[in-house]
Amino acid sequence: MTPARRPAFRCLHLLAATVALLAASWAQADEYADIARLIQQGKPAEAAAQLDQRLTTAPRDPQLRFLRGVALTDSGKHAEAIEVFTKLTEEYPELPEPYNNLAVLYASQNQLEKARTALEMAVRTKPDYATAHENLGDIHAKLAGQSYLRAQQLDKAVATSVAPKLKLLRELFAATAKPAAPKAAAPASR
């Protein structure tokens with residue numbers, strides 16, 4: 001091969017490698033979408049089976065691990081889901097969605113301070129993450145309600161000033177489908 005043809009050959013080789021990577025990326029995106037679809041269809045056990053199989057070949061893939069956490073959550077395996085999301089926040093602290101979903105699980109267990117901390121990390125990681133901001137507002141409102149109730153218990157004299165605030169909070173959460181139930185991040189298809 002002459003020196004003049006080497007650059008052209010190298011460009012063709014790089015082009016072929018790029019096409020192969022894009023094809024693999026598209027195939028992987030389809031796998032993510034298929035698994036996410038199973039979860040959305042209420043088939044978390046089927047999704048978990050596919051995820052476990054895929055995770056044997058790609059154990060560090062954050063999106064597969066995130067989807068596994070969502071499938072575990074939907075299967076009612078909250079302790080395992082918390083473990084998955086916690087590890088994701090440790091290994092990929094730049095991803096806000098695991099913090100948000102961790103907060104949802106903590107809130108469902110009435111661990112509101114843990115939920116608040118996780119949501120603050122989600123917002124710090126991605127300041128324009130609207131779902132985390134909404135969830136953080138819900139957690140703050142729930143914490144406020146707890147503080148108002150505690151104030152009433154400690155001093156009956158504040159009952160008249162606290163009562164309207166508690167009424168507003170009850171009305172706020174009565175207007176929503178699930179009181180103070182933060183929204184989980186949906187599985188993203190990439």
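1. Buried here means under 20% relative accessible area, and exposed means over 50%. The model is a predicted one, and the points below apply these terms to it, beginning with one helix and moving outward.

2. In helix 4, the residues that count as buried are Ala81, Ile82, Val84, Phe85, Leu88 and Thr89. Viewed down the helix axis, the buried residues of helix 4 fall within an arc of 165°, so they line one face of the helix. Ala79 and Glu90 are exposed on the other side of helix 4.

3. What do the buried residues of helix 4 pack against? Their partners are helix 3 and helix 5.

4. The length of helix 4 can be checked against its residue count. Helix 4 has 14 residues, which at 1.5 Å a residue should span 20 Å; the C-alpha atoms at its ends are 20 Å apart, so the two values agree.

5. Ile82 of helix 4 also has a partner outside that helix. Gln109, which sits in the loop between helix 5 and helix 6, is in contact with His78 and Ile82 once its neighbours within four places in sequence are left aside. Gln109 and His78 are 31 residues apart along the chain, and their C-alpha atoms are separated by 9.3 Å. Is Gln109 buried, exposed or partly exposed? Its relative accessibility is 35%, so Gln109 counts as partly exposed.

6. Phe85, one of the buried residues of helix 4, also appears in the largest nonpolar core. That core holds 39 residues, and the members touching the most others are Ile35, Ile39, Leu64, Leu67, Phe85 and Ile139. At least two residues of the core come from each of helix 1 (5-40), helix 2 (44-57), helix 3 (62-74), helix 4 (78-91), helix 5 (96-108), helix 6 (112-125) and helix 7 (130-154). In soluble globular proteins, nonpolar side chains tend to be buried together.

7. As for the protein as a whole, it has eight helices and zero strands. Along the sequence the pattern reads α-α-α-α-α-α-α-α. Among contacts in the protein with a separation of 6 or more, 52% join residues 24 or more positions apart.

8. How much of the protein is buried? Of its 190 residues, 34% are buried. The accessible surface of the protein is about 11500 Å², and carbon and sulfur atoms account for 59% of this surface.

Definitions and conventions:
Residues numbered from 1 in each chain as written. Predicted model: local features only at pLDDT ≥ 70, side-chain atom pairs only at ≥ 80, totals over all residues. Heavy atoms only, no water. Core = buried A, V, L, I, M, F, W, Y, C linked by side-chain atoms within 4.5 Å. Buried < 20%, exposed > 50% of the residue type's maximum accessible area, 1.4 Å probe, protein only. Helix = DSSP H or I, 4+ residues; strand = E, 2+ residues; numbered from the N terminus. Contact = heavy atoms within 4.5 Å. Areas by Shrake-Rupley, 256 points an atom, 1.4 Å probe, with all protein chains shown as cover. Expected span 1.5 Å × (residues − 1). Arc of directions from axis to C-beta.
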